[in-house]
Amino acid sequence: MIRVRIQAEGKTRLRMDREDGILVGKTIAGLAAGTTDRVFGLLHRGKSRSTAISLVCDCSGSMSGSKLETATMSALVLAEALKGLPGVQTEDLGFTTAPESNHTALNIVAKPFGSKDHSRIPGFMNQVHCNANSDGRSLRWAARRILETRADRRIIIVLSDGLPSAPSGLEGQS
């Protein structure tokens, strides 16, 4: 289902009042009533829209263990499902805070836009030391990255438990 939604083309329109093309059933009554002599239409397909998708994984302390494993596998499954779709490019990101400082956001690029290799997703998640999180700053970082891409549509998918994991005094600073 996600492949169908992401791959959706631009709008398709039926241009009416043609002398040739596709027979349009609702105009036949007009032909019989003498209100129209044109019963054909032409199907006009819009061009496919390019799409940039950023998969962003929360790697904070509240995500340690099975939650991070589930998020990692979900990112991998999503990346594989989107792989090869025409006009779709993806990147895989993670965020936490630096081990030496719970005040410094640590943003990780596992697979940048343009790369086709998703194999680093499980490895980078296992190497991340879950600390606090800086959700707001990290999402702004992800948003800046995706805005730099050339795409008609931009989608950010966040994989998180939604729990704050900020050290005391930082709760309002994310």
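**Exercise 1. Decide whether S62 is buried or exposed in this predicted model, and say where in the chain S62 is found.**

Solution.
Step 1: Find the place of the residue. S62 is in the loop between β4 and α3.
Step 2: Take the relative accessible area, which is 17% for S62.
Step 3: Apply the cut-off: buried means under 20% relative accessible area. S62 has 17%, so this residue is buried.
Step 4: Look for a residue that is distant in sequence. N133 is 71 residues from S62 along the sequence, and their C-alpha atoms are 8.9 Å apart in space.

**Exercise 2. State which class of accessibility L163 falls into, and which residues L163 is in contact with beyond its neighbours within four places in sequence.**

Solution.
Step 1: L163 lies in the segment after β7, which covers residues 153-159.
Step 2: The relative accessibility of L163 is 42%, so L163 counts as partly exposed.
Step 3: With neighbours within four places in sequence set aside, the contacts of L163 are S62, K67 and N133.
Step 4: For the pair L163 and S62, the sequence separation is 101 residues, while the C-alpha distance is 6.6 Å.

**Exercise 3. Describe the surroundings of S60 and of T27.**

Solution.
Step 1: S60 sits in the loop between β4 and α3. Its relative accessible area is 0%, so S60 is buried.
Step 2: The side chain of S60 has a polar contact with the side chain of D58, at 2.8 Å.
Step 3: T27 belongs to another loop, the one between β2 (22-23) and α2 (28-33). T27 is buried as well, with a relative accessible area of 13%.
Step 4: Apart from neighbours within four places in sequence, T27 touches M16, T36, R38 and V39. The C-alpha atoms of T27 and G41 are 9.6 Å apart, and 14 residues separate the two along the chain.

**Exercise 4. Identify the residues with the most contacts inside the largest nonpolar core, and the element that gives the most to this core.**

Solution.
Step 1: In soluble globular proteins, nonpolar side chains tend to be buried together.
Step 2: Here the largest nonpolar core has 16 residues, and I6, I53, L82 and V88 have the most contacts inside it.
Step 3: Two or more residues of this core come from each of β4 (51-58) and α3 (66-82). The most come from α3, with six residues.
Step 4: Take V88 as a case. Leaving out neighbours within four places in sequence, V88 is in contact with I6, T51, I53 and L82.
Step 5: There is also a second, separate core of five residues, including V56, L93, W141 and A142.

**Exercise 5. Characterise the largest pocket by its volume and its lining.**

Solution.
Step 1: The space in the largest pocket is about 190 Å³.
Step 2: Its lining consists of L82, K83, G84, V88, Q89, T90, K111, G114, S115, K116 and H118.
Step 3: Sorted by type, the lining has two nonpolar, six polar and three charged residues.
Step 4: Strand β5 (residues 88-97) supplies the largest share of the lining, three residues.
Step 5: Compare with the core. L82 and V88 line the pocket, and both are among the residues with the most contacts inside the largest nonpolar core.

**Exercise 6. Summarise the whole protein: how many helices and strands, and in what order?**

Solution.
Step 1: The protein has five helices and seven strands.
Step 2: Read from the N terminus, their order is α-β-β-α-β-β-α-β-β-α-α-β.
Step 3: Of the 174 residues in the protein, 36% are buried.
Step 4: Among contacts with a separation of 6 or more, 72% join residues 24 or more positions apart.

Conventions
Residues numbered from 1 in each chain as written. Predicted model: local features only at pLDDT ≥ 70, side-chain atom pairs only at ≥ 80, totals over all residues. Heavy atoms only, no water. Core = buried A, V, L, I, M, F, W, Y, C linked by side-chain atoms within 4.5 Å. Buried < 20%, exposed > 50% of the residue type's maximum accessible area, 1.4 Å probe, protein only. Helix = DSSP H or I, 4+ residues; strand = E, 2+ residues; numbered from the N terminus. Contact = heavy atoms within 4.5 Å. Polar contact = N/O pair within 3.5 Å; in protein donor to acceptor, adjacent residues only side chain to side chain. 1 Å grid on protein atoms, 1.4 Å probe; cavity = no way out; pocket = protein on both sides within 12 Å on 5 of 7 lines; lining within 4 Å. Points joined across faces, edges and corners; volume = space filled by probe spheres on them. Nonpolar A, V, L, I, M, F, W, Y, C, P; charged D, E, K, R; others polar.
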